[in-house]
Amino acid sequence: MVLLSEVLAALPGENAPPILAASGIANGAQIAAYLTAGASGTVLGTRFLLTPESPFSAVQKAALQAAKSTNTVRTLAYDQARGTNQI
C-alpha cells in the first residue's frame, strides 16, 4: 500500500495535480484526516449507493443490501456497464 505522504512527496511542488483520497471512507473524521494529511479532497461513492439520488435501480439496491461480505467481490462492473470508468 502506498501512503498519502509518499504520493505527495513524489509530486512536483507548484504544478502537482490534485490528489483525491478514496476507498473505505465512512465518516467526517476520516475526511478531515485525509485533508489534514494533504489530500486535495476525498471521494465517497459506496456510501451513497442506496440514497434516493443514486442512479442505481431498485433491483440493484436490493441486491447490494442483501449481499454479505462472503459473497461479494470488489469490481468496476457497474462503472464499466454505465460507461463511467475513467481508467
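Modeller: Let's start with a rule: two residues are in contact when heavy atoms of theirs lie within 4.5 Å. Apart from its neighbours within four places in sequence, serine 54 is in contact with Phe48, Leu49 and Lys61. The model is predicted, so to speak of a local feature we need pLDDT of at least 70, and side-chain atom pairs count only at pLDDT 80 or more, while totals for chains, interfaces and linings use all residues. Residues are numbered from 1 along each chain as its sequence is written, and side-chain values use heavy atoms, with hydrogens and water left out.

Biologist: Where is the place of serine 54?

Modeller: Elements are DSSP runs numbered from the N terminus, with helices (H or I) of at least four residues and strands (E) of at least two. Serine 54 sits in the loop that joins β2 (41–43) to α3 (58–66).

Biologist: Is serine 54 buried or exposed?

Modeller: The cut-offs are under 20% relative accessible area for buried, over 50% for exposed, and partly exposed in between, with a 1.4 Å probe and protein chains only. Serine 54 has a relative accessible area of 12%, so it is buried.

Biologist: Which backbone oxygen lies 2.9 Å from a polar atom of the side chain of serine 54?

Modeller: For a polar contact, look for a pair of N or O atoms within 3.5 Å; within protein, one must be able to donate a hydrogen and the other to accept it, and residues adjacent in sequence count only if both atoms are side-chain atoms. Here the partner is the backbone oxygen of leucine 49. The side chain of serine 54 also reaches the backbone nitrogen of phenylalanine 56, at 3.2 Å.

Biologist: How far apart in space are serine 54 and alanine 10, C-alpha to C-alpha?

Modeller: They are 36 Å apart, with their positions 44 residues apart in sequence. For leucine 8 and serine 54, 46 residues apart along the chain, the C-alpha separation is 32 Å.

Biologist: With what is leucine 8 in contact, leaving aside its neighbours within four places in sequence?

Modeller: Leucine 8, which lies in helix α1 (residues 4–10), touches Ile19, Ala37, Gly38 and Ala39. Its relative accessible area is 28%, so leucine 8 counts as partly exposed. Beyond the four-place window, leucine 4 is in contact with Ile19, Tyr34, Ala37, Gly38 and Ala39.

Biologist: Which residues make up the largest nonpolar core?

Modeller: In soluble globular proteins, nonpolar side chains tend to be buried together. A core here is a set of buried Ala, Val, Leu, Ile, Met, Phe, Trp, Tyr and Cys residues joined through side-chain atoms within 4.5 Å. The largest one has 5 residues: Leu4, Ile19, Ala21, Ile25 and Ala39. Over the whole chain of 87 residues, 11% count as buried.

Biologist: What pattern does the chain follow along the sequence?

Modeller: Read that way, the chain runs α-β-α-β-α-α, with 4 helices and 2 strands. Its radius of gyration is 16 Å (taken over C-alpha atoms), well over the 12 Å that the globule rule gives for 87 residues, so the chain is more spread out than a compact globule; that rule is 2.2 Å times the number of residues to the power 0.38. The C-alpha trace spans about 45 × 30 × 25 Å along its principal axes.

Biologist: How are alanine 22 and valine 43 placed, and what separates their C-alpha atoms?

Modeller: They are 21 residues apart along the chain, yet their C-alpha atoms are separated by 4.9 Å. Alanine 22 lies in strand β1 and is partly exposed, at 44% relative accessibility.

Biologist: Which residue caps the N-terminal end of α2?

Modeller: Asparagine 27 does, with a side-chain oxygen 3.1 Å from the backbone nitrogen of alanine 29. After α2 comes glycine 38, whose phi is positive, near 120 degrees. Serine 23, in the loop between β1 (20–22) and α2 (28–37), has a positive phi of about 90 degrees although it is not a glycine.

Biologist: Which element has the lowest mean pLDDT?

Modeller: pLDDT is the predictor's confidence in each residue, from 0 to 100. Helix α4 (residues 77–82) has the lowest mean among the elements, 77, and α2 the highest, 95. The chain averages 86, and 94% of the residues score at least 70.
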